[in-house]
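This report describes a two-chain model, going from the contact between the chains to single helices and residues. The sequence and structure come first.

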Amino acid sequence: MMDRIRSFARAHRELVVWMTVLVVILLVCVLGPAFSADAFAQDPLRRLLPPGPGGVLGTDAFGRDILARVLAAGRVSLSIAAIIALAASVVGSAIGMVSGYASAAGAVLMRAMDALMAFPGIVLSIALVTAIGPGEVSEVIALTVVFTPLIARVVRSRVLSLATRGYITAARSAGMAGWKILLVHILPNALPIILVQAVLVFAAALLLDGTLSFLGMGVQPPTPTWGNMIAEARPYLVIAPTFVIAPGVAIILAVVTLNALGNGIRDVVDPRARTLSNLIRVQRRHDTTMRGSRRSLATKGSLSRG
Amino acid sequence: MLPLILRRLRDLVIVLILVATAIFFIVRIIPGDPAIAIAGDQATQAQIDALRQTLGLEAPLWLQYLQFLGGLAIGDFGTSTTFNSPALPIILASLPPTLVLALTATVLSVAVAVPLTVATALHPGGLLARVVNRTNAVAVAVPEFWIALILTLFFAVRLRLLPVSGYADPFSDPLGAIRFLALPVIVLMINQVAVFSLNLRESVIGEMLHLYLRTARAKGLRERVVLVRHVVPNAALPAMTVVGLNLGTLLGGVVVLETIFVIPGLGSLLNQAVGTRDYAIIQGVTIIVAAMFVLINFLVDLAYMFADPKVRVS
């Protein structure tokens, strides 16, 4: 077992690196507030201090430590985005599986998903949040509605291709119930692709949470999120740039990591993506000698056709 | 060909009806009475009753739904409570700045992304390719509203090259429009160029698998000619649909940026309507934006059908 893990890690070094970065980000945000200054302690005498001895990243308009607030905000933003990713994955997978397996209900469900996908994410979530009323619960509901169709579509196409396999036909002819086939035979095979989508939705939810909070429709201050920190910092853009820069860099770091992780997992579990990324690697290796790359590409091409 | 177009047209109408249905129900999940929510705390019972009458809330739900759909079909998007006039003309008046911004950003992004991707595809392991790949990964992760603030700080406040915010009509004041649009367009392009370039690259690499390239190389074509003449035209077709699909993200970005750069478009209107709880406007803007997205993707599909012989012939 250890050997297998080790050889897997060696073969997918980048994946391991990004996984480590994510764990570090999560640990810093979860444990960090315990060690940093109080994220809510106001001090009118120490307003808008530049980075220095008073605080690594300075202080905000209420004299609160910016580093402490970025960490506390990370806790809120990351957990909200994670809840959204989880909820959208569960609901989306359920819809995708049912619509991929039961064709009549499937057509109706997918049309509904198409309709939801016609709205730009931010516009749909603004409409939903105004309808329900601002706050974290309505944000989670709104963003779950936004991201569910993305997962449903991917899962459905996976289920459609799985449903034609011989062992599904065998299970069905043996009299296995539809829901049982879905749970026992189809879900385990669809899980890797659901995981990839969940990680990518995590990243997208983080960005959308940032935008909603920035517009004042997400989590309400004084609870910090990366988005509402940037909104709070906006009036002080010129005199205290770190106040704006810090939460933005935090969002970018987290989203880059999650995207890289999602794409990395996809390279491992999705054969088509693996072919493409192998191809890039082969091309790179032979880039100095163009002849070599042509030969290997041609072989790849004929293999994938065969 | 014609049956195919007709089928697409039918799907288009179905999706538009579903979009309207979705909005109808979203607006009606408001807890409590929308008439009270709109009228506010100070309203008398008589005012609320009058509002309920004008909003048609007395009728049963199915009748409201049919009236809503029928209204949309004849361009009746309800009455704006803040402007006290029909919602549709107000929304249409805010449309041009949004369209100008979205179109300019799309055209410029394609113009940058295509040559950039072709150059990186020529030398996939080269310095340029590595820089572009890293930049793309970061560019898709940058929140638009944040980079907008940072660029404003740099170009407008520190360097004083561009105005902080504002808008000028590009048809009556082209020079002013360029100055006002430069920052928002650049912000939109950061994300767009990365998305287009990533998709085009994937599509180019996929195209590289085909055996006809061996023939092209065997007859002595240089790699650059193979790429520009054979690979890119074929790879561009699937990548073209991405331009349409990304329009949703783009319009979303425009909506947010308009509030930052104070551009009088749909986004500013929407933000303002959210503040005043003007449901007719919120509903109308949402429908118009979604309809634009669906319609443009329909047109991209049509263009795709005409451009791709495989689809055209069948």
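Two residues are in contact if their C-beta atoms, placed from the backbone, lie within 7 Å. The model is predicted, and on this criterion the contact takes 49 residues from chain A and 49 residues from chain B. On the side of chain A that touches chain B, the elements giving two or more residues are helix 4 (103-117), helix 5 (121-132), helix 8 (178-214), helix 10 (241-269), helix 11 (271-285) and helix 12 (290-305) of chain A. The residues on that side of chain A comprise 32 nonpolar, 10 polar and 7 charged.

The table sets out like values for the two chains.

| Chain | Helices and strands | Residues | Buried residues | Contacts (separation of at least 6) that join residues at least 24 apart |
|---|---|---|---|---|
| Chain A | 12 helices, 0 strands | 306 residues | 45% | 66% |
| Chain B | 14 helices, 2 strands | 314 residues | 39% | 70% |

Along the principal axes, the C-alpha atoms of chain B fill a box of roughly 85 × 60 × 35 Å.

**Confidence in chain A**

The mean pLDDT of chain A is 81, with 83% of its residues at 70 or more. Within chain A, helix 3 (residues 66-101) has the highest confidence, at 90, and helix 12 the lowest, at a mean of 39. Residues 287-306 of chain A stay under 50 in pLDDT, and the model has 23 contacts beyond four places in sequence for them. Where pLDDT is low, the predicted coordinates should not be read in detail. Helix 12 (290-305) of chain A is nevertheless among the elements listed for the side that touches chain B.

**Helix 3 of chain A**

The end C-alpha atoms of helix 3 of chain A are 51 Å apart, which agrees with the 52 Å that its 36 residues should span at 1.5 Å a residue. This helix is mostly covered, as 26 of its 36 residues are buried.

**The nonpolar core**

The largest nonpolar core has 171 residues. Those with the most contacts inside it are Val201(A), Phe202(A), Ala205(A), Val255(A), Val19(B) and Val285(B). Helix 8 of chain A gives the most to this core, with 19 residues. Leaving out residues up to four places away in sequence, Val201(A) touches Ala85(A), Ala88(A), Phe147(A), Leu150(A) and Ile151(A).

**Helix 10 of chain B**

Helix 10 (residues 223-245) of chain B has 23 residues and reaches 31 Å from its first C-alpha to its last, close to the 33 Å expected at 1.5 Å a residue. Where does helix 10 of chain B bend? The bend, of about 45°, is at Val231(B), and a proline, Pro233(B), follows within four residues. Val231(B) is buried, and the buried residues of this helix also include Val226(B), Leu227(B), Val232(B), Ala235(B), Ala239(B), Met240(B) and Val243(B). Helix 5 (87-122), helix 8 (174-207), helix 9 (212-218) and helix 13 (279-307) of chain B are included in what covers the buried residues of helix 10.

**Val262(B)**

Val262(B) lies in the loop between helix 11 (247-261) and helix 12 (266-276) of chain B. The phi of Val262(B) is near 50°, a positive value in a residue other than glycine. Val262(B) counts as partly exposed because it has 13 C-beta neighbours inside 10 Å, whereas a buried residue has 20 or more and an exposed one 12 or fewer.

Note on methods: Residues numbered from 1 in each chain as written. Chains lettered and ligands numbered in written order. Predicted model: local features only at pLDDT ≥ 70, side-chain atom pairs only at ≥ 80, totals over all residues. Nonpolar A, V, L, I, M, F, W, Y, C, P; charged D, E, K, R; others polar. pLDDT = per-residue confidence, 0-100. Expected span 1.5 Å × (residues − 1). Bend = angle between axes of the 7 residues up to and from the residue. Core = buried A, V, L, I, M, F, W, Y, C linked by C-beta atoms within 7 Å.
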